[in-house]
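Colleague: Could you take me through one part of this model closely, starting from a single side chain and its surroundings?

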Amino acid sequence: MAADKNSPLLPIIGIVVLLMAAAGWWLLGRGGSGESRPVLTPEARGYLKHLALSEVQMQASESYLKQAVVEIEGKIGNKGDRVVKLVEINCVFHDAYGQVVLRERVAIAGRKTGALRPGETKNFRLAFDSIPESWNKQMPDLVIAQILFG
C-alpha cells in the first residue's frame, strides 16, 4: 500500500526524521565540544607551578598494520606539597598553517601509574595512531587540562 501525496503520513515521517537528525546533531555536538569534561579549578590552576614536564620527546614508528604511530614520552614531576591523584593533558596537533587538526585529552599521571606524591617524578608514554595527514609533524602543544588531588 503506497502513501499518496495527500496522506498525513508523509509530513509526520518528515518531522520525525528532522527531530532525529536534530537530536543526533545535538548529542554529537555536546560530546565533541569538551564542555562536559572537567576543567582546571582555581585550586588546580594555582598548583600548576608545582608540576613540571621534562625530557619530553616525540618519535614516529609504524605499527604491525602498517599504520603510523606517534609516541610522546617524558616525565612529570610534582615539586609541591600535595598528593596529585590525576593529571590530564590536552595534546593539540596543528597543521602547517597553525590550525588545530587534532585535540586529544589523555592522562599522564594517576590512572595507570598511581598518585604523584610530593617530590616524585614519573614517566609517561602516549601513543597516537589517528593523527590527520595534514599534521605539521611538530611536537604538539601539551597543556595540563585537569588536576585532581588525593
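**A buried arginine and its partners**

Modeller: Happily! The side chains of Arg-105 and Glu-88 are joined by a polar contact of 2.8 Å; such a contact is a pair of N or O atoms within 3.5 Å, and within protein one must be able to donate a hydrogen and the other to accept it, while residues adjacent in sequence count only if both atoms are side-chain atoms. This is a predicted model, in which local features need pLDDT of at least 70 and side-chain atom pairs count only at pLDDT 80 or more, whereas totals for chains, interfaces and linings use all residues. Residues are numbered from 1 along each chain as its sequence is written, and side-chain values use heavy atoms, with hydrogens and water left out.

Gln-146 is another side-chain partner of Arg-105, at 3.5 Å. Arg-105 itself lies in strand 4, residues 100-109; strands here are DSSP runs of E, at least two residues long, numbered from the N terminus. With a relative accessible area of 18%, Arg-105 counts as buried because that term means under 20% (1.4 Å probe, protein chains only).

What does Arg-105 touch, not counting residues up to four places away in sequence? Here contact means heavy atoms within 4.5 Å. Besides Glu-88 and Gln-146, the list holds Arg-37, Pro-38, Ile-89, Asn-90 and Ala-145.

Methods:
Helix = DSSP H or I, 4+ residues; strand = E, 2+ residues; numbered from the N terminus. Buried < 20%, exposed > 50% of the residue type's maximum accessible area, 1.4 Å probe, protein only.
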